Amino acid sequence: MSARSKARKQSLDILFEADIRGTLPLDILASRDVTEDGPDARPIREYTREIITGVAEHRRKIDELIATYAQGWDMDRLPAVDRNIMRLALYEILWSPGLDDAIAIDEALSLAKELSTDESAGYIHGVLGRIASLKDGLAL
């Protein structure tokens, strides 16, 4: 697994935990960033920081896009893991310069296949693909 894939997984863990607990992802990030040496040391990858900060900064627009393009699904009815995979991927697609959309979508699908239901990957692919195809026309 590449360093960026590990950072995405770490980011998803933080986003998911914040969503379930009803707290801010930046607060979870700060609580997990143990820098001392020892058994509790859990360094946070720089790309994880970038993703969490970006998702937090653009959360309102990201959630608006998911609600708009996740046809037939209310944000609250989406499985929490799927909702957060899409948040992570949409940050990368829309605000991560130099990252190809196909990579962000493929990474999201890998996470969905590993951590969600059998149907989730196809659904997530459809939502992300629609938004990626329209991104140049979106008001961000």
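## Contacts of N84

N84 touches L12, L15, F16 and D19, leaving aside residues up to four places away in sequence. The model behind this contact list is predicted.

N84 also makes a polar link inside its own stretch of chain. Its side chain reaches the backbone oxygen of A80 at 2.8 Å. N84 sits in helix 5, which spans residues 80-95.

## Burial and position

N84 has a relative accessible area of 1%. Buried means under 20%, so N84 counts as buried.

Y47 serves as a second reference point. N84 and Y47 are 37 residues apart along the chain. Their C-alpha atoms are separated by 16 Å.

## The cavity beside N84

A probe the size of a water molecule, rolled over the atoms, shows where empty space is left. Here the count comes to one cavity of 30 Å³ or more. The largest cavity has a volume of about 40 Å³.

N84 is one of the residues that line the largest cavity. The others in the lining are L15, A18, D19, T23, P25, V55, R59 and R87. Two elements, helix 1 (3-21) and helix 5, each give two or more residues to this lining. Helix 1 provides the largest share, three residues.

## Lining chemistry

By class, the lining of the largest cavity holds four nonpolar, two polar and three charged residues. L15 and D19 appear in this lining, and both are also among the residues that N84 touches.

Note on methods. Residues numbered from 1 in each chain as written. Predicted model: local features only at pLDDT ≥ 70, side-chain atom pairs only at ≥ 80, totals over all residues. Heavy atoms only, no water. Helix = DSSP H or I, 4+ residues; strand = E, 2+ residues; numbered from the N terminus. Buried < 20%, exposed > 50% of the residue type's maximum accessible area, 1.4 Å probe, protein only. Contact = heavy atoms within 4.5 Å. Polar contact = N/O pair within 3.5 Å; in protein donor to acceptor, adjacent residues only side chain to side chain. 1 Å grid on protein atoms, 1.4 Å probe; cavity = no way out; pocket = protein on both sides within 12 Å on 5 of 7 lines; lining within 4 Å. Points joined across faces, edges and corners; volume = space filled by probe spheres on them. Nonpolar A, V, L, I, M, F, W, Y, C, P; charged D, E, K, R; others polar.
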